[in-house]
Amino acid sequence: MGVIVVLVVLILALLLAGALVGLAFELLWLVLTGLIIGGLGRLVLPGRQQIGLLPTALVGIAASLLGGVLADVFDAGWIVRLLVAVALAAIGVTLLESRSGTASPRTPA
């Protein structure tokens, strides 16, 4: 009886480890594609953006992760995931640029 319990625990531990490794690879893939998504998000916007490479990459990673989660929730394909992620990255870059203080400061009256 003790051997069966040990085997069941071992099998459950291996299944959990496999699931965690799969999740880790999925997250790594979303991060790597997020770097590309950030660049694509900047490309679809007109004009020159006044934010650096690191904020663009972080926005792309966040957009890729959020687009991946939304696509999984709605059971959409990879094309929809890509389009949603690029749209979210463009929105993120726009919001980040508007917060960066590119507007001219007010002069006292």
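Mentor: Welcome! A residue is called buried under 20% relative accessible area, exposed over 50%, and partly exposed in between. Please keep in mind that this is a predicted model.

Trainee: Thanks! Is R81 buried, exposed or partly exposed?
Mentor: R81 has a relative accessible area of 21%. Buried would need a value under 20%, and exposed one over 50%. R81 therefore counts as partly exposed.

Trainee: Let us step back to the fold. What pattern does the protein chain follow along the sequence?
Mentor: The protein chain has three helices and zero strands. Read from one end of the sequence to the other, the pattern is α-α-α.

Trainee: What is the radius of gyration of the protein chain?
Mentor: For 109 residues the globule rule gives 13 Å, and the protein chain is well over that, so it is more spread out than a compact globule. Along its principal axes, the C-alpha trace spans about 85 × 35 × 20 Å. The radius of gyration itself is 21 Å.

Trainee: How far apart in space are L43 and I11, C-alpha to C-alpha?
Mentor: L43 lies in helix α1, which covers residues 2-43. With a relative accessible area of 67%, L43 is exposed. In sequence, L43 and I11 are 32 residues apart, and in space their C-alpha atoms are separated by 48 Å.

Trainee: Now the salt bridges. Which residues are linked in a network of them?
Mentor: The structure holds two salt bridges. R81 forms one with E26, where the closest N and O atoms are 3.5 Å apart, and R81 forms one with D72, where the closest N and O atoms are 2.8 Å apart. The linked residues are E26, D72 and R81.

Trainee: How many residues apart in sequence are the parts that the pair E26 and R81 ties together?
Mentor: The salt bridge in question joins E26 and R81. E26 lies in helix α1 and R81 in helix α3, so the pair ties together parts whose separation in sequence is 55 residues.

Trainee: What are the exposure classes of E26 and D72?
Mentor: The relative accessible area of E26 is 33%, so E26 is partly exposed. D72 has a relative accessibility of 51%, and the cut-off for exposed is over 50%. In short, E26 is partly exposed, and D72 counts as exposed.

Trainee: Turning to helix α2, which residues is S64 in contact with, leaving aside neighbours within four places in sequence?
Mentor: S64 is found in helix α2. Its relative accessible area is 3%, so S64 is buried. Leaving aside those sequence neighbours, the contacts of S64 are L30, T33, G34, I37 and A85.

Trainee: And in helix α3, which residues does V86 touch, not counting those up to four places away in sequence?
Mentor: V86 lies in helix α3, and its relative accessible area of 15% makes V86 buried. The C-alpha atoms of V86 and A63 are 7.2 Å apart, with their positions 23 residues apart along the chain. Not counting residues up to four places away, V86 touches I37, L40, G41 and V44.

Trainee: What percentage of the residues of the protein chain count as buried?
Mentor: S64 is one buried residue, at 3% relative accessible area, and V86 is another, at 15%. Of the 109 residues of the protein chain, the share that counts as buried is 24%.

Trainee: On to the loops. Is R48 buried or exposed?
Mentor: R48 lies in the loop between α1 and α2. R48 and A90 are 42 residues apart in sequence and 13 Å apart in space, C-alpha to C-alpha. With a relative accessible area of 71%, R48 is exposed.

Trainee: Near what value is phi of D75?
Mentor: D75 lies in the loop between α2 (53-73) and α3 (78-99). At 70% relative accessible area, D75 is exposed. Phi is positive here, in a residue other than glycine, and its value is near 55 degrees.

Trainee: One last thing: how far apart are the mean positions of the positive and negative charges?
Mentor: The protein chain carries 5 positive and 4 negative charges. The two mean positions are separated by 20 Å.

Key: Residues numbered from 1 in each chain as written. Predicted model: local features only at pLDDT ≥ 70, side-chain atom pairs only at ≥ 80, totals over all residues. Heavy atoms only, no water. Helix = DSSP H or I, 4+ residues; strand = E, 2+ residues; numbered from the N terminus. Rg over C-alpha atoms; globule rule 2.2 N^0.38 Å. Buried < 20%, exposed > 50% of the residue type's maximum accessible area, 1.4 Å probe, protein only. Lys, Arg positive; Asp, Glu negative; His and termini not counted. Charge placed at Lys NZ, Arg CZ, Asp CG, Glu CD. Salt bridge = Lys/Arg side-chain N within 4 Å of Asp/Glu carboxyl O. Contact = heavy atoms within 4.5 Å.
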